[in-house]
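Colleague: Please take a close look at one helix of this model and the sheet it lies on. I would like one connected account of that part.

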Amino acid sequence: MLYFTHMSLEGPVALDSVRLDADGHFSFSHERPEAPDFYVLSIADQIINLSIDSTETVSVTAHWPDMAARYEVEGSDNCARIRELALMQQELQRRAIRLEGDRSLQQQARQDSLARMLKRYKDRVATNYIYREPDKAYAYFALFQTLGQWLIFNPRDNAADVRAFAAVATSWDTFHPNSLRAQNLHNITVEGMNNARIMAARQSRQLDDSRIVESGVIEVSLPDNHGRQRQLTSLKGQVVLLDFHAFSLKDSPQRILMLRDLYNKYHDQGLEIFQVSVDPDEHFWRQMTAQLPWICVRDDEGESALHYNVQQVPEYFIIDRNNTLQKRSSQMKDLETEIRALL
């Protein structure tokens with residue numbers, strides 16, 4: 001018996017089922033979703049994950065009895081990517097089980113090996129599936145993969161994972177506004193950022209007060225793409241555009257062109273751009289920033305973004321010549337006008 005199930009936010013909802021004939025042929029149809037949504041084909045404990053939007057007809061060819069690992073899908077690039085993620089997740093699960101059963105290693109050594117294994121997996125998934133096209137259904141799917149019963153990307157206690165959720169949430173807010181999944185991502189991201197700020201405050205009492213210098217900004221001190229330590233407060237005397245960015249975002253090239261235009265027009269008059277990247281892949285970031293003329297730093301821990309209450313990227317702030325924070329993006333109607341006024 002083959003089951004067709006909608007994986008709703010409230011839980012699995014059975015849509016249809018069919019007893020396969022001798023040739024294994026079947027067909028299901030259902031009302032088209034308004035935004036990309038997620039479904040499962042299953043026989044017993046063998047599961048195939050699918051995403052379908054309002055324009056797709058998806059064909060699946062599977063091989064029993066191990067159809068979760070042996071299936072092909074046509075008609076949907078998202079489903080093809082989800083298949084890659086599912087196979088990677090299955091391999092991670094097998095490796096974790098083998099590691100747990102390796103009694104030649106001490107418990108601490110097994111835990112350290114598992115942590116390294118998870119980091120490599122998360123880096124690969126974040127770079128190739130989440131940040132590459134965060135508006136896609138497969139990016140959403142990647143956020144909710146599990147190892148056993150634990151989320152691989154956990155926005156409740158990991159700042160880097162919060163950034164991954166924020167990237168997808170921002171894109172889904174743009175491309176699938178008012179959808180339940182976009183709202184769900186937004187709520188998870190906000191909760192995660194709040195938790196991260198609480199944890200940061202607990203770890204360092206009055207951290208924000210200690211970082212606010214006389215100039216009126218929270219210090220950001222990070223190495224740039226040439227290895228030089230750069231401090232935001234060292235730019236006193238210039239008008240500064242403090243820009244939080246991720247080069248992996250789909251609209252990054254157009255935004256960088258906009259920033260380059262502003263920089264070319266106003267740098268000689270005293271404008272500087274201090275750009276903080278939250279990209280997880282350092283090599284990718286260095287490639288993307290190699291030819292940029294302004295200050296480019298990378299905050300892989302997300303600490304500076306938390307201090308500035310950055311809930312999604314891109315986000316930007318304008319700082320005057322006295323090193324005093326003036327406005328954030330939501331308070332500005334036109335960035336160029338604000339820059340000219342401070343110059």
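**Helix α7 and its sheet**

Modeller: On one side of α7, Pro253, Leu257 and Asn264 are exposed. This is a predicted model, and what follows should be read as such. Buried on the other side of α7 from these three are Ser252, Arg255, Ile256, Leu259, Leu262, Tyr263 and Tyr266. Viewed down the axis of α7, the buried residues stay within an arc of 120°, so they line one face of the helix.

The helix itself covers residues 252-266, which is 15 residues. From first C-alpha to last, α7 reaches 21 Å, close to the 21 Å expected at 1.5 Å a residue.

What do the buried residues of α7 pack against? Their partners are three strands, β11 (239-245), β12 (271-277) and β14 (315-319), together with the helix α10 (335-342). Helix α7 lies across β11, β12 and β14, and its direction runs at about 155° to that of β12.

These strands belong to an open sheet of 5 strands, ordered β13-β12-β11-β14-β15, in which the pairing is mixed. At the edges stand β13 (295-298) and β15 (325-328); each has a single partner strand, so one side of each is left without a neighbour in the sheet. From one strand to the next, the twist averages 20°.

Within this sheet, β11 and β12 are paired in the parallel sense, over 7 bridges. In that part of the sheet, phenylalanine 244 has valine 276 of β12 opposite.

A further helix, α8 (residues 282-289), also lies on this sheet, across β12 and β13. The direction of α8 runs at about 175° to β13. Strand β12 is thus crossed by α7 and by α8.

For comparison, the model has another open sheet, of 4 strands, in the order β2-β1-β3-β4 and with antiparallel pairing. Its edge strands are β2 (11-18) and β4 (46-52), each of which pairs on one side only. Neighbouring strands there are turned by 25° against each other on average, direction ignored. Strand β3 (residues 37-43) pairs with β4 in the antiparallel sense over 7 bridges, and serine 42 stands opposite isoleucine 47 in β4. Helix α1 (residues 77-100) packs on that sheet, touching β3 and β4, and its direction makes about 145° with that of β4.

How values were computed: Residues numbered from 1 in each chain as written. Predicted model: local features only at pLDDT ≥ 70, side-chain atom pairs only at ≥ 80, totals over all residues. Heavy atoms only, no water. Pairing = 2+ DSSP bridges. Helix = DSSP H or I, 4+ residues; strand = E, 2+ residues; numbered from the N terminus. Axes fitted to C-alpha atoms, helices over the stretch in contact; angles between N-to-C directions. Contact = heavy atoms within 4.5 Å. Expected span 1.5 Å × (residues − 1). Buried < 20%, exposed > 50% of the residue type's maximum accessible area, 1.4 Å probe, protein only. Arc of directions from axis to C-beta.
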